[in-house]
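Here are a few notes to go with your first look at this one. Have the sequence and the model open side by side while you read.

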Amino acid sequence: MKKINIGMVGYKFMGKAHSNAYRAVPMFFPDAAKPEMKVICGRDPKGLEQARAQFGWESSVTDWRELVQRDDVDVVDINAPSDAHKEIAIAAARAGKHLFCEKPLALTLADSREMLEEAEKAGVKHMVGFNYRFAPAVQLAKKLISEGRIGEIHHFRGVFLQDWILDPSFPLVWRLQKEIAGSGSHGDLGAHVIDMARFLVGEFREVIGMSETFVKRRPVAAAMTGLSAKGGGSEEMGDVTVDDATAFLARFENGAMGTIEATRFAAGHRCTNGFEINGSKGSIKFDFERMNELQVYFTDDAEDVQGFRRVLATDASHAYMDAWWPAGHTIGYEHTFTHEVLELMRALEEDRQPVPNFVDGVKCQEVLEAVDRSIEERRWVAISEL
Ligand code: SOE
């Protein structure tokens, strides 16, 4: 069986999710190429060693430049904060390594285009981490749409709602700083919804948006903390330089209408990544907090039983599910990453580009940037203008 050596940069939230996926793929998909967890990289030696031992990596380095040059690395997995993506990806591509990069691909559209260009020039494979595509219920939605089961699509209504920074004393973590994160809820959460819309409905034609930063100054964060940081730690205040919430209207190339909202201020919503799609022959609804389910409605159901019904996407006939548990035994968030890594392994084995790849990363970034421009210039912006 083919073995693929992985070098991973970053070891926090996404580092843990990816590590778990590298371990799960050989266990549940034994026919796929096997990821070998060769080397993990991070800046803090103590935290890094703990992660290395806990996640099961063979070795560690504190300098990513060393990692990308190693002969025993085939794929460089980049899940460091967004401002580091470009430099690492380009260096890795130039060293002939395949790339697996978290979303959003880069801080700007220009940077993401440069990353794609370099990857193509180097002839390496590239993948971007839009993990929600890999939920079996989302794959089912894709199948129903591709088979024409809900007909011609009229509406895409997508939201990604969280509330982890609602408290004004929540610190100024890196995700709230433009120079590190690129944007706030827009690039962090909206990027997932944009990818979902592209995956299920098609390309965007034009957009117009609005955004808000509700809490403009926050206590400075002590360290590189993330979502679980605790408030009230520091007297010193700093500016929040990203959006707390961004919403936009869209028109797709196929004529469908879209509304998309991403916010970290939706009290009570911990991780509502949801969409509803309405077509000429039916509708589909998904909410990640109930990720095993898809709500479907078909206009050709008998009149006396018409209505939304719940399909549990856990049968062996649903994507990936024959590898997991008997029907009705649900799966979770971490499985989306396992399926994503499976796609990467299969693509490398079959010598093809994985999907989604940097082209999808760039197309998502085009929409993000078009929305930003529309907000700045208070007008509709066509994707073709960028
Ligand atoms: C935090 O907002 C976060 O973890 C995002 O960074 C992820 O991409 C999203 O999947 C869940 O929320």
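Where is Asp 351 found? Keep that in mind while going through the points; bear in mind too that this is a predicted model.

1. Asp 351 is found in the loop between helix 9 and helix 10. Asp 351 isn't a glycine, yet has a positive phi of about 55°. Asp 351 counts as exposed, because it has 7 C-beta neighbours inside 10 Å.

2. Stay in that loop for a moment, the one between helix 9 (333-350) and helix 10 (358-377), since Pro 356 lies there too. A cis peptide bond joins Val 355 to Pro 356, with omega about 0°.

3. Past helix 10, look at Arg 378, placed in the loop between helix 10 and strand 17 (381-382). Here again phi is positive in a residue other than glycine, near 50°. Arg 378 has 9 C-beta neighbours inside 10 Å and so counts as exposed.

4. Now zoom out. The chain is divided into domain 1 (3-130) and domain 2, which is made up of 136-290 + 292-331 + 364-377. Their C-alpha centres lie 25 Å apart. Where they meet, 16 residues of domain 1 are in contact with 17 residues of domain 2. On the domain 1 side, helix 1 (13-28) and helix 5 (109-122) are the elements giving two or more residues. That side divides into 10 nonpolar, three polar and three charged residues.

5. Helix 5 has another partner to look at: its axis and that of helix 4 (residues 85-94) come within 9 Å and cross at roughly 10°. The two helices are therefore roughly parallel. Helix 4 brings Lys 86, Ala 89, Ile 90, Ala 93 and Arg 94 to the contact, while helix 5 brings residues including Asp 111, Met 115 and Ala 122. By type, the contact has six nonpolar residues, no polar ones and five charged.

6. Just ahead of helix 5 there's another cis peptide bond to check, between Lys 103 and Pro 104, with omega about -15°. Pro 104 sits in the loop between strand 5 (98-101) and helix 5.

7. Asp 63 is in the loop between strand 3 (59-61) and helix 3 (64-69). It counts as exposed because it has 11 C-beta neighbours inside 10 Å. Asp 63 and Val 9 are 54 residues apart in sequence, but C-alpha to C-alpha they are 9.1 Å apart in space.

8. Last, the ligand. Around it are Gln 162, Asp 188, Leu 189, His 192, Leu 227 and Cys 271. This shell divides into three nonpolar, two polar and one charged.

Conventions: Residues are numbered from 1 along each chain as its sequence is written. This is a predicted model: local features need pLDDT of at least 70, side-chain atom pairs count only at pLDDT 80 or more; totals for chains, interfaces and linings use all residues. Domain bounds come from an automatic or database domain assignment. Two residues are in contact if their C-beta atoms, placed from the backbone, lie within 7 Å. Helices (H or I, at least four residues) and strands (E, at least two) are DSSP runs, numbered from the N terminus. Ala, Val, Leu, Ile, Met, Phe, Trp, Tyr, Cys and Pro count as nonpolar, Asp, Glu, Lys and Arg as charged, and the others, Gly among them, as polar. A residue is near a molecule or strand if its C-beta atom, placed from the backbone, lies within 6 Å of it. Axes are lines fitted to C-alpha atoms, for helices over the stretch in contact, and angles run from 0 to 180 degrees between N-to-C directions. Angles under 35 degrees count as roughly parallel, over 145 as roughly antiparallel, 65 to 115 as roughly perpendicular and the rest as oblique. A residue is buried if 20 or more other C-beta atoms lie within 10 Å of its own, exposed if 12 or fewer, and partly exposed in between; C-beta atoms are placed from the backbone.
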